[in-house]
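User: I would like to learn how to read a few structural features, with the general idea before each case.

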Amino acid sequence: MTDARDRQSGPITLRESIFCHLSFAICHGIESLMALPDGPKASGVYQMLQWVATPFRFMRECYRRYGDCFTIRLSQRFGPLVLFSHPQALQIILTNDDGKLFDAPGEINVLLQPVIGTQSIIGLSGDRHRRARQLLMPPFHGERMRSYGALIQEITEQVMSRQEAGNPFPARKPMQATSLRVVLRAIFGLQDGFRYRQLEKLMTAMLDGLGNPASASLLFFPMLRRDFGPQSPWGRFIRNRQQIDELIYAEISDRRRAGQDGERADILSLLLSARDETGATLTDVELRDELMTLLTAGHETTASALTWALYWIHRLPEVRYRLLEELNGLNGELDPAAVSRLPYLNAVCSETLRIHPVALLTFPRIVRSRVELMGISMEPGTIVTGCIYLAHRRPEVYPEPDQFKPDRFLDRHYSPFEFLPFGGGIRRCIGMAFAQFEMKLVLSTLLTRFELSLANGRTVKHRRRGVTSGPSPFRMVLGERKTTSGDEREQAGAEVTKQR
Ligand code: HEM
């Protein structure tokens, strides 16, 4: 099992190298036949280095020089990629990506393969992809999703209570622990115990290990995947992954042996009972890859968004004050449904996802029939993508785009092609509703039950984190546990008055 996976994600073999060169030749063959939008002229390797190390500067610079759409070349392996950020272009791409004008093939989503394997929803195309979405989406919506509300609140309290008052701690740590525990409980249905704790420890180590731009290079440059022992970056990664796989396969095997328990509401139970049109169930490898996808996509992203939200709420006293006022209107009852409807809390979460979109790009789409986008004729075979980061920074849509201003989401409604932190079309994030629900419940619980502050006034920057992005590390301090929300509000109000 591990060997097979290593063959997929290990150092490039001769066969893969021939494949890379062939795809390069094909891409360049296609490229010579079609006029792609202008873009940087540096070599693919250099553009890839910029994309990995300084993606925000790279995108801004390209936008400044080439405007609404431009072509980047991120190495032979990927061929040219055309980035669009204008809402009109995004609308055309994301409302026509079901195979006629555009397609969203899974085979080109290879970056995360070392983590999620080849059988994940992200790597599937056509009917198999549609079926996987039908299977996986329902638990992340409606009543099923809302049933996780109390669990999210309980886990948030549990994790934050472990911090020692007065001792600065890295802000990301409790956010990552909270979102990972939510996923382990909701998706795997795991209760606290050895497997749960091991998975928590190993997943955190594996994803932190890919966290900074240097280690994220392992995902972008397959030739760096060399096992020089347990202390080398790739060696550590594959050993970690092997242990995680063993735990996941052990859980699958135990659950298969125990048979179906109608009482269980977790997503693994649902996947175990799913059958395709021939009556076949998912194989262990398919189950492992889907679980690993949900485990990774379902907690890394939410943890980054939550960490950013904590930063802004505590950086801008007025934002915190208004949130506390709004929460106070609930009279001490944090009913999950009521919390999820609070307008200012919703605006703060949306503004966080706007100014710091965790995913910088949508998954790539491929042109199937010739189409005109922003006055440029796109030939079949061209690979395009929506640039979420640049779409969220358009000054005509978002005046003062670099300022954190939640009110913009109260004053105006944004179309799904102006505000798209979860992408769109046939690959729109299946966890969108769940992630927003979780963010609101975690933040409201933290604000009403704990007193937090930033440990210092240092500016926090947007950084690459694996294939996504997140804040640079910063610390927070926990004060005394709250007794009444009224005292806290008065204190926050005094701070706001002082600032004014
Ligand atoms: C703040 C949190 C999150 C953000 C910003 C986010 C963002 C995204 C984006 C931009 C995409 C690509 C959409 C496209 O190409 O059009 C995506 C896909 C996906 N997301 Fe999320 N996501 C988040 C949370 C979650 C959660 C909680 C889960 C599940 C537990 C999840 C599971 C997935 C899956 C499985 C896909 C692939 C869908 C497909 O290929 O059809 N995400 N997400």
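The dialogue below goes from the whole chain to helix packing, the ligand shell and single residues.

User: What kind of model is this, and how are residues numbered?

Analyst: This is a predicted model, in which local features need pLDDT of at least 70, side-chain atom pairs count only at pLDDT 80 or more, and totals for chains, interfaces and linings use all residues. Residues are numbered from 1 along each chain as its sequence is written.

User: How many helices and strands are there in the chain?

Analyst: Helices (H or I, at least four residues) and strands (E, at least two) are DSSP runs, numbered from the N terminus. The chain has 23 helices and 12 strands.

User: What percentage of the residues count as buried?

Analyst: A residue is buried if 20 or more other C-beta atoms lie within 10 Å of its own, exposed if 12 or fewer, and partly exposed in between, with C-beta atoms placed from the backbone. Here 41% of the 500 residues of the chain count as buried.

User: What do contacts say about separation in sequence?

Analyst: Two residues are in contact if their C-beta atoms, placed from the backbone, lie within 7 Å. Among contacts between residues at least 6 apart in sequence, 73% join residues at least 24 apart.

User: At what angle do helix 16 and helix 19 cross?

Analyst: Axes are lines fitted to C-alpha atoms, for helices over the stretch in contact, and angles run from 0 to 180 degrees between N-to-C directions. Angles under 35 degrees count as roughly parallel, over 145 as roughly antiparallel, 65 to 115 as roughly perpendicular and the rest as oblique. The axes of helix 16 (300-315) and helix 19 (residues 343-355) cross at roughly 115 degrees and come within 9 Å. Helix 16 is therefore roughly perpendicular to helix 19.

User: Which residues of helix 16 and helix 19 meet?

Analyst: Helix 16 contributes Ala305, Trp308, Ala309, Trp312 and Ile313, and helix 19 contributes Val348, Cys349, Thr352 and Leu353. For classes, Ala, Val, Leu, Ile, Met, Phe, Trp, Tyr, Cys and Pro count as nonpolar, Asp, Glu, Lys and Arg as charged, and the others, Gly among them, as polar. The contact of helix 16 with helix 19 has eight nonpolar, one polar and no charged residues.

User: How does helix 16 pack with helix 17?

Analyst: Helix 17 (residues 317-328) packs on helix 16 at about 100 degrees, with the axes 5 Å apart, so the two helices are roughly perpendicular to each other. Trp312, Ile313 and His314 in helix 16 meet Val319, Arg320 and Leu323 in helix 17. By class, that contact has four nonpolar, one polar and one charged residues.

User: Which residues of the shell are closest to the ligand?

Analyst: A residue is near a molecule if its C-beta atom, placed from the backbone, lies within 6 Å of it. The shell holds 26 residues, the closest being Gly298, Thr301, Gly423, Cys429 and Gly431. Helix 15 (284-297), helix 16 and helix 22 (432-449) each give two or more residues to the shell. Its classes are 14 nonpolar, nine polar and three charged.

User: Why look at the sign of phi?

Analyst: Most residues other than glycine have a negative phi, so a positive value is worth noting. Met374 has a positive phi of about 50 degrees, and lies in the loop between strand 6 (371-373) and strand 7 (376-378). Glu400 also has a positive phi of about 50 degrees, in the loop between helix 20 (388-391) and helix 21 (408-411).

User: Are Met374 and Glu400 buried or exposed?

Analyst: Met374 is partly exposed, with 14 other C-beta atoms within 10 Å. Glu400 counts as exposed, with 9 C-beta neighbours inside 10 Å.
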